[in-house]
Amino acid sequence: MDSMDSTTLRQRERADLEPLLHEEGNNTGDDDESHHHHEHTKAKCCSNFSPGSISNLCSATLGAGALSLPYAISMTGIIFGVMFLLLSAYLTIISINIIIEACVVTQQFKFEDVSKRLVGPHMSIALEASLLVFCFGTAVAYIVAVGDILDQGLHSITSLWEADSKFVSIYSRERVMILFWTFMLLPLSLQTKLKRLEKFSSLGVLSIIFLVIAAVIHSIIHGDVIGSGANSQEEAATSAEVNSLLWPKSFVSMLQAFPIIIFAFSCQVNVCQIYEELKPASSITDTSDDVPNVMTLLKLKQQMMTTITRNGILLCTILYLLIGVFGFLDFTKTTTDDILINYCIQVTHDALMTAATFSVFLAVVVAFPFNILPARVTLKLIFDRLKTKRRRGLCSKATNCFCLDRQPRIDEDTNSQRTSVSLEIDAGTPIQSDARGSSIEPLLDDQFSGQSSASLVEHVLITLLLSGGALIVAILVPGISIVFGLMGQYFFLD
């Protein structure tokens with residue numbers, strides 16, 4: 001009966017909300033005043049979006065992928081490299097808009113739930129698998145990047161490598177990765193809300209901006225094309241050398257570079273949660289209606305997300321263009337798959353590039369939990385579904401078992417117990433979904449609030465499984481470009 005009552009209530013709520021989808025097209029001349037009020041509220045809401053949401057989107061996009069962009073442009077040439085970057089940025093904006101539109105129509109805020117409503121449970125299982133593979137692979141790439149940066153940074157400190165230093169006997173890249181994962185990456189991965197990472201995200205974005213500025217300065221001063229490297233050449237560059245900078249090496253090299261560029265813009269796995277956690281301005285509820293227009297609120301959040309997406313991806317594209325082109329012009333034919341290796345701070349001891357290296361380290365650390373969070377949600381949904389099937393199997397075998405009558409069904413739609421829309425105003429008061437006063441509950445509660453000890457243990461164990469597994473694979477992976485290339489190809493095909 002509880003299941004039937006819950007289903008009936010949801011059907012009534014959705015029936016009440018359905019006409020609102022067509023409300024905008026049915027306005028008449030008599031509704032001018034309410035229409036203007038709606039537009040005013042919409043504009044005011046969109047003007048009050050949190051800058052932290054842009055930071056989260058940029059931090060989810062920016063990261064270790066930026067380190068391989070100069071290498072990608074060295075394979076595509078500057079002309080096709082810039083074209084690929086602009087095309088990838090445009091496709092990213094389109095894909096995010098499609099995802100948010102699906103969230104609005106289905107009123108779901110997780111990839112798995114949206115896909116289940118749109119294409120059925122079987123395709124949602126395929127999506128869960130692909131999302132897990134991609135997030136896990138990206139986490140592996142970020143740990144590899146952290147290991148490389150730490151290794152270079154420590155080797156740049158000459159006092160650590162003196163003959164009588166005990167550090168030399170105990171040092172290994174793997175030990176440093178394990179220690180840093182334990183005290184930095186794992187605690188960040190235990191967070192449950194992206195909102196809690198906004199301050200870290202802003203710091204990560206600023207770190208990437210500093211890296212880009214340092215790369216541009218280094219290219220102008222020391223670069224092979226426009227820096228001291230060009231001035232030291234005895235002869236001017238021939239037309240063939242100029243063409244090698246502008247055009248790709250071969251068609252195969254372009255195919256190898258495109259997945260790396262695509263990977264650099266991967267942020268879609270975090271889009272649903274960023275959209276869900278947006279909070280419209282409290283003035284949005286200042287209407288004469290007794291029942292707030294839930295679909296209008298969803299649309300307003302969609303407008304907010306559109307603005308966030310355009311600004312965030314624009315910033316990422318500018319940074320990628322600068323570091324990709326100037327990084328390639330800095331080293332031309334000797335550009336490696338990790339631009340930090342070219343700077344060789346352990347030999348040059350360049351203060352600017354040493355600081356830039358550690359800034360990248362900070363950005364990668366901040367970006368790491370953005371891959372663990374969606375993977376953990378997906379894995380928990382899978383475990384919940386398996387536990388429910390097992391419980392049903394046990395109940396069906398027991399005599400006089402009334403489990404199925406007393407407990408709601410949750411395996412057919414894992415979101416049925418939490419389908420209510422997450423719409424909270426700035427004051428923190430949940431919006432009422434109907435005149436009877438049933439509230440639209442948020443999908444994510446405060447961190448660990450109201451959770452049982454079993455839920456907390458499950459949260460920690462799933463995080464350990466994902467983050468610890470990524471650490472183990474990262475120790476075994478030989479190079480960062482291999483992971484980026486594979487993840488880029490998988491993301492493009494997916």
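How much space lies in the second largest cavity? The answer is about 40 Å³, and the residues around that space are a good place to start.

This is a predicted model, so local features need pLDDT of at least 70 and side-chain atom pairs count only at pLDDT 80 or more, while totals for chains, interfaces and linings use all residues. Residues are numbered from 1 along each chain as its sequence is written, and side-chain values use heavy atoms, with hydrogens and water left out.

**Cavities**

A cavity here is a set of points, on a 1 Å grid over the protein atoms alone, where a 1.4 Å probe fits but cannot get out; lining residues have an atom within 4 Å of a point. Grid points are joined across faces, edges and corners, and a volume is the space filled by probe spheres set on the points. Searching the whole structure at 30 Å³ or more gives two cavities.

The second largest cavity is lined by Ser53, Asn56, Leu194, Lys195, Glu198, Ile274, Glu277 and Leu278. Its lining has three nonpolar, two polar and three charged residues. For these classes, Ala, Val, Leu, Ile, Met, Phe, Trp, Tyr, Cys and Pro count as nonpolar, Asp, Glu, Lys and Arg as charged, and the others, Gly among them, as polar.

The largest cavity has a volume of about 80 Å³. Its lining has 16 residues, and Ala60, Thr138, Tyr142, Ser266 and Asn371 are the ones nearest its centre. Two or more lining residues come from each of helix H3 (51–61), helix H6 (121–155), helix H12 (251–264) and helix H18 (369–397). Helices are DSSP runs (H or I, at least four residues), numbered from the N terminus. This lining divides into nine nonpolar, seven polar and no charged residues.

**Salt bridges**

There are seven salt bridges in the structure, each a side-chain nitrogen of Lys or Arg within 4 Å of a carboxyl oxygen of Asp or Glu. Three of them are set out here.

| Salt bridge | Closest N to O |
|---|---|
| Arg385 and Glu128 | 2.8 Å |
| Lys380 and Glu458 | 3.6 Å |
| Lys387 and Asp384 | 3.7 Å |

Consider the pair Arg385 and Glu128. Arg385 lies in helix H18 and Glu128 in helix H6, so this salt bridge ties together parts 257 residues apart in sequence. Arg385 is buried at 12% relative accessible area, and Glu128 is buried at 3%. Buried means under 20% relative accessible area, exposed over 50%, and partly exposed in between (1.4 Å probe, protein chains only).

Lys380 lies in helix H18 and Glu458 in helix H20 (residues 453–476), so their pairing ties together parts 78 residues apart in sequence. Lys380 is partly exposed at 34%, whereas Glu458 is buried at 18%.

Lys387 and Asp384 both sit in helix H18, three residues apart, about one turn of the helix. Lys387 is partly exposed at 44%, and Asp384 is partly exposed at 22%. Shared salt-bridge partners join Lys380, Asp384, Lys387 and Glu458 into one network.

**Cysteines**

A disulfide is a covalent bond between the sulfur atoms of two cysteines. Under the rule used here, a pair of cysteine sulfur atoms within 2.5 Å, the count is zero disulfides. Why does Cys316 form no bond with Cys58? The closest cysteine sulfur to that of Cys316 is in Cys58, 4.0 Å away, which is too far for a bond. Cys316 is buried at 0% relative accessibility, and Cys135 is buried at 1%.

How values were computed: 1 Å grid on protein atoms, 1.4 Å probe; cavity = no way out; pocket = protein on both sides within 12 Å on 5 of 7 lines; lining within 4 Å.
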